[in-house]
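Here are my notes on the model, set out point by point. Please read them with the structure open.

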Amino acid sequence: MTAVAQEIRCSHCGAPVEFKPGEIVATCKYCGFTTVIETGQAFTFEHSLILNRFDEKTVEDPIREWMRSGFLKPRDLAKKSKLTEKELAYLPFWVVTAEAKSTYKGIFERIAPVITKEGTIAHEYNWLVLARGASDFPTREYEVPLEGKIPFDFRRIEGFAKVLNSEVDRDQALELARQQIEAHHRYLLQQDVDKIVEIKTEFAVKNVVYLHAPIWFAKYEYKGNAYQLIVDGTSGATLKGDIPPSKFGLL
Ligand SMILES: [Zn+2]
């Protein structure tokens with residue numbers, strides 16, 4: 001089944017605002033007004049925008065640079081590959097600023113006799129939650145340049161760019177952030193204990209921001225095969241990139 005787009009009227013300018021099944025928060029492309037679809041009410045939380053610094057031509061520079069660097073890539077990658085697709089999308093994220101403190105009890109088995117360890121692990125985070133369901137976007141590789149955020153302004157969105165709506169509401173985003181941060185703490189604890197017996201995480205949420213950030217989705221062709229790239233539209237960093245297999249002459 002294909003997802004059929006539906007429409008509501010923008011309560012600010014009256015233009016049709018398209019949304020697809022599963023989307024919860026939609027932004028009008030004519031005036032930038034953001035609406036909670038279910039209620040038709042205005043979105044009352046802070047909505048920010050991170051600016052894009054590239055156009056279809058200049059985005060090639062950081063991509064070629066990425067192709068030239070790193071020893072795992074074929075040497076002629078930058079020279080021989082052809083960029084076949086460059087699309088700019090503003091992806092929706094929730095940024096949860098919170099202090100998280102996990103109190104744990106665990107077992108340390110690396111030495112005999114095994115011992116029980118207790119402790120706490122505490123950090124402050126600007127935790128990023130991608131507001132889209134199915135996606136292979138590498139959220140943990142991406143550092144949102146929060147210093148560069150401005151209030152959402154549709155006039156700063158390029159005509160050729162897509163602005164994706166949110167499929168996750170604020171409460172869901174908070175819950176996802178909690179789960180992901182606790183999972184991250186469990187991961188960090190592997191250094192200290194071999195088995196976690198008990199863990200309890202307390203959160204002090206300081207701020208939750210909804211924002212759109214510019215991401216380029218590019219495709220390139222190298223020796224007859226197609227590959228994909230995901231590039232941060234602010235820094236130009238490649239967040240995820242397919243690398244063609246290269247022949248190694250190690251022996
Ligand atoms: Zn509007």
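1. Which residue follows α1, and what is the sign of its phi? The residue is Gly70, and its phi is positive, near 90 degrees. Please keep in mind throughout that this is a predicted model.

2. Helix α1 itself spans residues 60–68, and its buried residues are Pro62, Ile63, Arg64, Trp66 and Met67. The elements that cover these buried residues include the helix α2 (77–80) and the strands β7 (82–108), β11 (195–222), β12 and β13 (238–241). An α-helix has 3.6 residues a turn, so residues three or four places apart point the same way.

3. Strand β11 pairs with several others. With β7 it runs antiparallel, and 25 bridges join the two; in this pairing Tyr104 stands opposite Ile199 of β11. With β12 it is again antiparallel, over eight bridges, and Trp216 stands opposite Val231 of β12. With β6 the sense is parallel, over three bridges. There, Ser48 has Leu211 in β11 as its bridge partner.

4. Where does the backbone take a positive phi at a residue that is not a glycine? Lys223 does so, at about 50 degrees. Lys223 sits in the loop between β11 and β12, and the hairpin of these strands has two residues between them. With a relative accessible area of 60%, Lys223 is exposed.

5. A second backbone point concerns Pro113. The peptide bond from Ala112 to Pro113 is cis, with omega near -5 degrees. Pro113 belongs to the loop between β7 and β8 (115–130).

6. Asp232 deserves a look. Asp232 lies in strand β12, which covers residues 225–232. Asp232 is buried but has no salt bridge. The nearest side chain of opposite charge is that of Arg53, 7.7 Å away, whereas a salt bridge is counted only within 4 Å, so this pair does not qualify. What Asp232 does have is a polar contact, side chain to side chain, with Ser235 at 3.0 Å. Apart from neighbours within four places in sequence, Asp232 is in contact with Phe54, Tyr142, Pro214, Ile215, Ala237 and Leu239.

7. How many salt bridges does a search of the whole structure find? The count is 14. One of them joins the side chains of Glu46 and Lys149, at 2.9 Å from N to O. Glu46 is in the loop between β5 and β6 (47–50) and Lys149 in strand β9 (residues 149–151), so this salt bridge ties together parts 103 residues apart in sequence. Glu46 is partly exposed, at 36% relative accessible area. Lys149 is also partly exposed, at 30%.

8. Another salt bridge is formed by Glu99 and Lys206, whose closest N and O atoms are 3.1 Å apart. This pair links distant parts of the chain, with Glu99 in strand β7 and Lys206 in strand β11, 107 residues apart. Glu99 is partly exposed at 39% relative accessible area, and Lys206 is partly exposed at 49%. The strands that carry these two residues, β7 and β11, are also the ones joined by 25 bridges.

9. Arg132 and Glu167 form a salt bridge too, with the closest N and O atoms 3.6 Å apart. Arg132 lies in the loop between β8 and β9, and Glu167 in the loop between β10 (162–163) and α3 (170–189), so the pair ties together parts 35 residues apart in sequence. Glu167 counts as partly exposed, at 25% relative accessibility. Both residues belong to a network of salt bridges with Glu23.

10. Finally, there is an open sheet of three strands in the order β3-β4-β5, with antiparallel pairing. Which strands are at its edges? They are β3 (25–27) and β5 (41–42), each of which pairs on one side only. Three bridges join β3 to β4 (residues 34–36). Val25 has Val36 in β4 as its bridge partner.

How values were computed:
Residues are numbered from 1 along each chain as its sequence is written. This is a predicted model: local features need pLDDT of at least 70, side-chain atom pairs count only at pLDDT 80 or more; totals for chains, interfaces and linings use all residues. Side-chain values use heavy atoms; hydrogens and water are left out. Two strands pair if DSSP finds at least two bridges between them. Helices (H or I, at least four residues) and strands (E, at least two) are DSSP runs, numbered from the N terminus. Buried means under 20% relative accessible area, exposed over 50%, partly exposed in between (1.4 Å probe, protein chains only). Lys and Arg count as positive and Asp and Glu as negative; His and the chain ends are not counted. A polar contact is a pair of N or O atoms within 3.5 Å; within protein, one must be able to donate a hydrogen and the other to accept it, and residues adjacent in sequence count only if both atoms are side-chain atoms. Contact means heavy atoms within 4.5 Å.
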